Amino acid sequence: MQYKATVYANDRLFPEPIPHPLQQLAPCSDRGSPYPELWRLTLHAPELVSLLKPGQFLHLLTRPLLSHDPLLRRPISVASWHEEHGTCSLYYQVVGRGTAYLSQLQAMERLDLLGPLGQPYPMPPTGQQSVALVAGGIGIPPLFPLAKTLLQKGHKVTLFLGARTRGQLLMLGEFRQAGVPYFVTTDDGSAGRLGRVVDDFHDKLLHSHHFDYIYTCGPKGMLQAVQTITAAAGLSGWLIMESHMACGLGACLGCTIRVQEGEGWRYALLCQEGVAFAVGEVCFDV
Amino acid sequence: MSNSPAQAGVTPDLAVTLGTRRPLRLKNPVTTASGTFGYGVEFAPYMDITALGALTTKALTLEAREGNPGRRLVETPAGMLNSIGLMNAGLEHFLRETLPQLRQFGDLPIIVNISGHTVSEYATLAERLNQEPGIAALEVNISCPNVENGLLFASLPESAALVTRAVREVCDLPLFIKLTPNVSDIAPIAKAVEEAGADGISLINSVLGMAIDIQTRQAILQATFGGLSGPAIRPIALRMVYQVYQACSLPIIGMGGITTWEDALEFIFAGASAVAIGTANLVNPRATVEVIQGLGEYCQYHKVACLAELIGAAHR
Ligand SMILES: Cc1cc2nc3c(=O)[nH]c(=O)nc-3n(C[C@H](O)[C@H](O)[C@H](O)COP(=O)(O)OP(=O)(O)OC[C@H]3O[C@@H](n4cnc5c(N)ncnc54)[C@H](O)[C@@H]3O)c2cc1C
Ligand SMILES: Cc1cc2nc3c(=O)[nH]c(=O)nc-3n(C[C@H](O)[C@H](O)[C@H](O)COP(=O)(O)O)c2cc1C
Ligand code: FES
C-alpha cells in the first residue's frame, strides 16, 4: 500500500471541531477501589463536565505540584458524569507510576486536568437500530456513557462484556440499572460463560442475534478479532483505540496509528481523530 | 507566580533584539521549540498565542514525510524519548494551507524550522521561503542525517558550514542554525556556522537516547534510538549555551528542558538572547505564557528595566 500525505496536525478532517477543552484543577471528591485491582476516581469539575460527550477522555497530571516527574499526562476515559453535581468518574487499573499516584490521592486533593479531549463517538446512522457493544476489562467503562446515549436515542443495545474474573466485571450494576441487556464472559469461568468475550459475540452474531452496528473497546488483540469478525459479517461500527500520547492536543504527532485510506494508508493522530476508528480502517501491524 | 511578588513600578521591557545585520526583534524572549507547539492553533483554547515573542513551527521538508512507524514516544525519568521522524505535509502544503493560517496571528514573528536530506534540499526550501511574506526568520535544523554520508550535518564543523553557506546564498531572512548536543565539542561547530554567515544559533536539539523493554528484550522505539527532551536534559543544554556564548558572538536561542521562568532565566544568564519552550508545552499548554509572566515579574521585583541587560550575566 502507498503512503498518502493527507493528515497533519493542523488539518481538520472531521466535521465538528472538538468543543474547546479546559485546563483546570479539580478536587477528587471520591476515591476508592470498588473492585479488586481496579480503582475509581470521582472529580469535581463542573465547567469541564458540562462539555463532556461519550467517548472523550481526560488528560491527568499524575504528580505532585511543582514536580517534574512523572513527566507526561495520563489519558483516562470518562466512565460517567453527573451534570448537576458537576462530577465525573473514571475507572483505572494501576499499571505504573502515574496510575499508582492516582491510587494514592487523598480525598479533596486537587488534580490538574485537561479535557474533554478526543472526538465524541460517532453515532449510528438512522436505521441502524440494533447495536452491539463488545467490551473487555478496563475497556468496559468507556462504553457506559455511550450505552445510555444510544438507549435515549431509541436504539436497541446489547452488551457483551468480558473480564479475567468475576470481581473485575466493571459497572455491571450501572448497566443493569440503565436497562442494558448483557452477556458475561470470564477467563476463569467465575461468572457467565467461560472463555473470550469475542467468541461469545461471534457465536451470537452467527447463530441467534441480529446486529446492525457495533462498538468495541478493550485490549488490542480483542479489537483486532472484533474487526475481523465484523468486517467479515459486513457490519459497520467503531473500534476504540489506545496509543501512547504526550500532548493529547495534536501538537507532538506522537500518538499515530496506521489507518487505511482508499488504496493507500496514512498515519492518523489518535488524540485528534480518535479515539474511535471505523471497523476495517485500522492496520494492526504495528 | 506567587513566589515572585510583583511590585508597583514601571513595566519592565522584555523585548530583545537578536543579531545586528538582520535584526530579529521580539517583544519578549519566549518562543516555542520546533515540533512541540504544532502550528499554534492547537494551543489557542488555552492561551493567547499572540502573547509569544515568536512562534517556531514544526520541521518543514521539501516533500511530505509520513514520519516513523511504530511507537513514537517513551516516557523516561523527568523526560521523554521521541522518534516522530519529521512528520510534515511538505513545502507546497505549508505554503498553501499553513502559512496563511499562521499569518492570522498578526504581528507575531513566525520562525520556520526547515530540514533536509541534502544541502540542495535546504537551499531549495530557503530560497522558496525567502519569497514569502510573513516569515520572520528561518531556523535550520541541521541535526539530520546527510543521505550522502549518513552523518548528521551538525556533527562536523565542515558540514555544518556547508549547509549554512548554501542557505545563506539564497536567503536574506535571519538564519538561526539549530545545533545538536550529540557532538564531542560544540564550540568549533558554532564558530564554523558563524563564519559561514549564520545570524544566530539555536540549541539544543534533543539528546540521542534509547529505552529497552525488559519483557521483549528489544528497543521500545521501532527506530531504536530517539531524542531525549524535557527537564532531564536541561543541565546539558545550559552548559552548551554557556559554551557557545563564549565561543562566538552570535545571538543564541536557548532550549532544552525549560519548564518554568526560573529555568528560562538560567539560560538567559548563560547567554541566551531568547529561549524556546519545548516538551513543557506538551504537558502544560500554558507553559510559554507562564514563563513570560514570570520573567516580567522577576524584572519588576529586581528593578531590571530591560530584560536584555541580563543576557550573559553569568559570564560577567
Ligand atoms: C484514550 C485513552 C483512554 C484510556 N482510558 C483508560 C481508562 O479509562 N482506564 C485505564 O485504566 N486506562 C486507560 N487508558 C490507559 C492509560 O492511559 C494507561 O494505563 C496509563 O497511562 C498508564 O500510566 P502509568 O504511569 O500507570 O503506567 P506506565 O507504564 O508507567 O506509563 C508510562 C508511559 O506509558 C504510557 N502508557 C502506559 N500504558 C498505556 C496504554 N495502555 N495506553 C496509552 N499509554 C500508555 C503512559 O501514559 C506513560 O506515558 C487509556 C489510554 C488512552 C490512550
Ligand atoms: C515531540 C517532539 C518533536 C520535535 N520535533 C522537532 C522538529 O521537527 N525539528 C526540530 O528542529 N526539533 C524538534 N524537536 C526538538 C525540540 O525543538 C527541542 O530542540 C528539544 O526537544 C529540546 O527542548 P525541550 O527539552 O524543551 O523539549 C522535537 C522535540 C519533541 C519533543
Ligand atoms: S499529537 Fe500529541 S498526543 Fe496526539
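This passage describes the domains of chain A, the open sheet of chain B and the surroundings of ligand 2, as they appear in a predicted model.

The domain assignment divides chain A into two parts, with domain 1 covering residues 22-117 and domain 2 covering residues 130-278. The C-alpha centres of these two domains of chain A lie 22 Å apart, and the domains meet through contacts in which 18 residues of domain 1 face 18 residues of domain 2. On the domain 1 side of this contact, the elements of chain A that contribute two or more residues are β3 (57-60), β4 (74-77), β6 (87-93) and β7 (110-117). When the residues on that side of domain 1 of chain A are sorted by class, twelve are nonpolar, five are polar and one is charged.

Helix α5 of chain A spans residues 197-207, and its buried residues are A:Val197, A:Val198, A:Asp200, A:Phe201, A:His202 and A:Leu205. In an α-helix there are 3.6 residues a turn, so residues three or four places apart point the same way. The buried residues of α5(A) pack against four strands of chain A, namely β8 (130-136), β9 (156-163), β10 (182-186) and β11 (193-194), and also against helix α6 (220-232) of chain A.

In chain B, eight strands form an open sheet with parallel pairing, and their order across the sheet is β3-β16-β15-β10-β9-β8-β7-β4. The edges of this sheet are formed by β3 (30-32) and β4 (55-56) of chain B, each of which pairs on one side only. Within the sheet, strand β15 (residues 252-255) of chain B is joined to strand β16 (residues 274-277) of chain B by three bridges in the parallel sense, and B:Met255 stands opposite B:Ala276 of β16(B).

Helices of chain B are also placed against the sheet. Helix α3 (residues 157-170) of chain B packs on the sheet, where it touches β8 (137-141) and β9 (175-178) of chain B, and the direction of α3(B) makes about 155° with that of β9(B). Helix α8 (residues 287-301) of chain B lies across β3 and β16 of chain B, and runs at about 170° to β3(B).

Ligand 2 lies between chains A and B. There are 26 residues around this ligand, of which B:Ala33, B:Gly35, B:Ala59, B:Ser229 and B:Gly278 come nearest. By class, the shell around ligand 2 holds 16 polar residues, together with eight nonpolar and two charged residues.

Key:
Residues are numbered from 1 along each chain as its sequence is written. Chains are lettered from A and ligands numbered from 1 in the order in which they are written. This is a predicted model: local features need pLDDT of at least 70, side-chain atom pairs count only at pLDDT 80 or more; totals for chains, interfaces and linings use all residues. A residue is buried if 20 or more other C-beta atoms lie within 10 Å of its own, exposed if 12 or fewer, and partly exposed in between; C-beta atoms are placed from the backbone. Two residues are in contact if their C-beta atoms, placed from the backbone, lie within 7 Å. Domain bounds come from an automatic or database domain assignment. Ala, Val, Leu, Ile, Met, Phe, Trp, Tyr, Cys and Pro count as nonpolar, Asp, Glu, Lys and Arg as charged, and the others, Gly among them, as polar. Two strands pair if DSSP finds at least two bridges between them. Axes are lines fitted to C-alpha atoms, for helices over the stretch in contact, and angles run from 0 to 180 degrees between N-to-C directions. A residue is near a molecule or strand if its C-beta atom, placed from the backbone, lies within 6 Å of it.
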